Amino acid sequence: AYERRFPTCPLIPMFVASDTVNEYKSEDEAIHVIERRCKLDIDAPRLLKKIAGVDYVYFVQKNSLNRRERTLHIEAYNETFSNRVIINEHCSYTVHPDNEDWTCFEQSASLDIKSFFGFESTVEKIAMKQYTSNIKKGKEIIEYYLKQLEEEGITFVPRWTPPVACKSESSTSHPRRPVSPAINIPESATKEGLSNKEILNTSSSPSEPTAGTPDDKLDADYIKRYLGDLTPMQESCLIRLRQWLQETHKGKIPKDEHILRFLRARDFNIDKAREILCQSLTWRKQHQVDYILDTWNPPQVLQDYYAGGWHHHDKDGRPLYVLRLGQMDTKGLVRALGEEALLRYVLSINEEGLRRCEENTKVFGRPISSWTCLVDLEGLNMRHLWRPGVKALLRIIEVVEANYPETLGRLLILRAPRVFPVLWTLVSPFIDDNTRKKFLIYAGNDYQGPGGLLDYIDKEIIPDFLGGECMCEVPEGGLVPKSLYRTAEELENEDIKLWTETIYQSASVFKGAPHEVLIQIVDASSVITWDFDVCKGDIVFNIFHSKRAPQPPKKDSLGAHSITSPGGNNVQLIDKVWQLGRDYSMVESPLICKEGESVQGSHVTRWPGFYILQWKFHNMPACATTNLPRVDDVLASLQVSSHKCKVMYYTEVIGSEDFRGSMTSLESSHSGFSQLSAATTSSSQSHSSSMISR
C-alpha cells in the first residue's frame with residue numbers, strides 16, 4: 001500500500017514527482033531497499049520562493065523493507081539548501097507485538113536552520129506547518145491505498161518465507177519482541193519532541209484502546225454539563241494532567257475546561273500539552289494576566305478608536321465579538337499607544353471571552369468553550385498594511401495562539417476587499433492549521449446570501465452596519481488624531497518598541513537637492529507601495545519612469561549627487577542633463593505634502609523598467625511683480641541647511657503573481673479614511689496619490 005504513492009501521489013498535492021536513483025534486493029528477497037529523489041512544491045509565500053530563487057525543493061528518500069522482520073523503515077533528508085537548512089525525517093511501520101492484525105506507525109523529524117536570507121523564523125513556521133500536515137495525512141493516505149487494494153480483490157498478502165535451505169536457520173534467527181501491555185499503547189503517543197505514533201487497524205477496526213486511568217473518574221453528568229463528549233482515553237489524559245499540575249505546579253491551577261483546551265490543541269498528547277500549558281501558566285503569572293480585567297483600565301484612545309466589542313452570541317451560544325477592522329486606524333493606534341498597550345488590550349479581550357464562555361455555559365446548560373469573531377473589512381486599504389502594524393499583529397497572533405488555544409470557534413470575515421489577499425499572504429503562515437479551518441471569508445455582499453451570516457447568527461442580532469436591525473454599540477473607529485501620537489523616544493522610554501528602526505529609512509531633502517529612490521520593475525502590473533511621514537518642512541512627492549537605468553549616485557567635492565547629514569541621507573539619481581519627456585516621464589501627478597502628514601499609496605506599473613520615487617523641496621510661490629531673487633533663495637545658495645526637509649519612508653514592491661486579487665483596480669488600497677474624517681487633509685491627498693496610472 002505504501003509503495004503505491006510513488007512516483008507521485010494525488011493525495012499529496014505538493015508531491016510533484018520522484019525518480020529512482022538506487023535500488024537493492026537481497027538474494028532471498030527478504031530485503032528491498034529503494035532510494036528516490038522527490039520533487040516537492042512547498043506551500044510557501046511566492047515572495048519567499050522568489051527570494052530563495054527556487055520553485056521546487058528536492059528531498060532524498062530511502063525506504064528499507066525487511067520482510068523477515070516485517071518492518072518498513074523510511075529515511076528522508078533535504079537536498080535543496082542543505083548548506084542552510086538540515087531536515088531529517090524517520091518513519092517506521094512495524095507489527096504490533098500483541099496483535100498481528102495491527103500495524104504500528106512511528107514518525108519523527110529534526111530541523112536545524114543555520115541561515116535563510118533573514119527569514120529563519122518564517123521557514124521554521126512553514127516547516128512545522130508542513131510537518132504537522134504530513135502527520136495528519138499519513139494515516140488517511142495509507143488507508144486510501146488499503147481500500148484501493150481491497151477493491152481490486154487483494155485482501156491478503158502471503159507472509160515471506162525463507163528458501164528451504166534456510167528454514168531451520170530462520171526459525172531461530174529472529175526472537176520474538178518483548179511484549180508490552182496493551183494498556184500502555186496510548187502512553188506512547190506522548191513521546192516528547194516532533195513525533196507521532198498512531199495505531200492503524202488493518203482488519204476489523206477494534207474499539208479504541210483505553211489507557212490506564214487514575215482511581216478517581218470524572219462524573220458523567222459533570223463531563224456532559226461542562227466539558228462535552230470525551231472518550232475514556234481523553235478523560236484519562238485530562239485527569240492525569242490535572243493531577244500532575246496539582247503535585248508539581250505551584251500557584252493557581254487552571255480549570256478543567258482550560259486544561260482541556262491545551263490537550264485538544266495537541267491532539268491529547270500529554271507531554272506536548274503539558275509543555276505548552278506550563279509555559280502559558282508561567283507567562284500568566286509573570287504578566288499578572290489573571291488580574292488584568294480587575295486591575296487594568298484601557299487608555300481612553302483605545303475606548304474611542306478601537307473598533308471592536310462584544311455583541312450578544314451566535315446560534316450555538318458562543319459569545320460574539322465584532323471587529324470593524326476596516327474602520328480602524330491601526331497605524332494611529334500603534335503610534336499613539338505602542339505595541340505593548342495594544343497587546344494588553346487584546347489579552348483583556350481574550351480574558352473577557354473566557355469569562356463569557358463560563359457564563360454562557362451556565363445560561364445554555366451545555367459546554368461552551370470558545371467564541372465567534374465577526375470581522376468586517378469594509379474600508380480595508382494599504383494603510384492597514386503599514387509594516388510595523390503588521391509586525392505588531394503577527395506578535396499578537398503568536399501570543400494568543402500560544403496562550404489561548406482552541407478558544408476561537410469560528411471566524412467570519414465579511415466584505416473582504418481586493419487588498420485582503422496581500423494581508424492574508426503576510427499573516428496566514430503564522431496561523432495554526434486548526435485555526436485556519438475555522439475561517440469563513442465573504443467578499444462583497446456574499447454574506448447576505450445562502451450559506452452566509454444567517455446560518456450562524458440570528459437575524460434579530462445582526463448589527464445595523466451589516467443591514468441588520470440590531471443597534472451595535474461597537475465604536476466606529478476613525479483616524480486617531482496626530483496630536484495623540486507619541487515619539488519613538490517616548491515609546492522607547494517605556495520599553496515599547498515600534499520596530500521602525502530597521503524598516504523605515506530617514507532622508508533629508510534640500511532646496512535643489514531632492515531625495516530619490518530607484519525601483520527596478522521586471523514584470524508589468526507589479527504594485528509599488530509607499531508609506532512616509534513628513535517630519536519637517538513641506539515636500540512634493542513624484543513618481544517617474546525611465547527605460548534606462550540612471551547612473552549610480554556619485555560623491556563629488558561639491559556634494560551634488562549625495563549628501564549625508566545627521567538627519568538622514570540624500571541621494572539624487574536623475575542626471576541634470578536628462579530631460580523630462582525625453583529621458584524619463586512622470587507617471588503620477590505631483591503630490592504636495594505638508595509637515596506632519598502621513599501618506600500611504602500604491603501605483604500599478606504599466607511597463608517594466610526603472611521607477612524613481614522623488615521627495616522634492618516645496619518652493620513657495622515667488623512674488624509675481626518682480627524678477628528679483630528672493631532673500632531666502634540667496635541665503636539658501638549660501639547655506640543649504642537653512643532649507644531642509646526630513647522624511648521617514650518605507651517602500652515595497654508586490655509582484656503581480658503575489659497579488660491574488662484583480663490587478664485592474666486597486667482603488668480600495670488608497671488611504672480612504674477621508675470618508676470618516678473630512679477634515680483630515682492627509683487622507684484626501686493620500687487618495688489622489690494612490691489612484692492608478694491608466
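This text walks through selected parts of a predicted model, starting with one sheet and moving on to helices and single residues.

The sheet has five strands, and their order across it is β8-β9-β10-β11-β12. It is an open sheet, and its pairing is mixed. Strands of a sheet pair through backbone hydrogen bonds, and the pairing can be either parallel or antiparallel. The two edge strands here are β8, residues 308–313, and β12, residues 439–443, each of which pairs on one side only. Direction ignored, neighbouring strands of this sheet are turned by 20° against each other on average.

Begin at the β8 edge. β8 and β9 pair in the antiparallel sense, over four bridges. To find this pairing in the model, look for Trp310, whose bridge partner in β9 is Tyr321. The two strands form a hairpin with five residues between them, and in this hairpin Gly317 takes a positive phi near 90°. Another positive phi is found at His312, where the value is near 55° in a residue other than glycine. His312 lies in strand β8 itself. Is His312 buried or partly exposed? Its relative accessible area is 46%, so His312 is partly exposed, since that class runs between the 20% limit for buried and the 50% limit for exposed.

Further into the sheet, the strands β10 and β11 pair in the parallel sense over six bridges. Here Cys373 has Leu411 of β11 as its bridge partner. Strand β11, residues 408–416, also pairs with β12, again in the parallel sense, over four bridges. In that pairing, Leu412 has Leu440 of β12 as its bridge partner. How many residues of β11 are buried? Nine of the nine are, so β11 is largely enclosed by the rest of the structure. In a regular strand, side chains alternate between the two faces of the sheet.

Next come the helices. Helix α11, residues 339–364, lies across three strands of the sheet: β8, β9 (319–323) and β10 (371–376). The helix runs at about 10° to β8. Helix α12 covers residues 387–403, which is 17 residues. From its first C-alpha to its last, α12 reaches 24 Å, close to the 24 Å expected at 1.5 Å a residue. Several residues of α12 are buried, among them Arg387, Pro388, Val390, Leu394, Ile397 and Asn403.

A further pair of helices can be viewed together. Helix α4, residues 220–227, packs against helix α6, residues 256–265, at an angle of about 75°, and their axes are 11 Å apart. The two helices are therefore roughly perpendicular to each other. On the α4 side, the contact is made by Tyr222, Tyr226 and Leu227, and on the α6 side by Asp256, Glu257, Leu260 and Arg264. Sorted by class, this contact has four nonpolar, three charged and no polar residues.

The remaining stops are single residues. Near the start of the numbering, the peptide bond from Phe6 to Pro7 is cis, with omega near 5°. Pro7 is in the segment before β1, which spans residues 15–25. Arg70 sits in the loop between β3 (57–66) and β4 (71–78). Phi of Arg70 is near 60°, which is a positive value in a residue other than glycine. With a relative accessibility of 28%, Arg70 counts as partly exposed.

Thr605 is found in another loop, the one between β21 (598–604) and β22 (609–617). Thr605 is buried, with a relative accessible area of 1%. What is Thr605 in contact with, leaving aside its neighbours within four places in sequence? Its contacts are Ile521, Asp523, Ala524, Ser525, Ser526, Ile528 and Tyr611.

The last stop is Tyr650, in strand β23, residues 644–654. Its relative accessible area is 16%, so Tyr650 is buried, as the limit for that class is 20%. Tyr650 and Trp386 are 264 residues apart along the chain, while their C-alpha atoms are separated by 9.0 Å.

How values were computed:
Residues numbered from 1 in each chain as written. Predicted model: local features only at pLDDT ≥ 70, side-chain atom pairs only at ≥ 80, totals over all residues. Heavy atoms only, no water. Pairing = 2+ DSSP bridges. Axes fitted to C-alpha atoms, helices over the stretch in contact; angles between N-to-C directions. Contact = heavy atoms within 4.5 Å. Expected span 1.5 Å × (residues − 1). Buried < 20%, exposed > 50% of the residue type's maximum accessible area, 1.4 Å probe, protein only. Parallel < 35°, antiparallel > 145°, perpendicular 65-115°, else oblique. Nonpolar A, V, L, I, M, F, W, Y, C, P; charged D, E, K, R; others polar.
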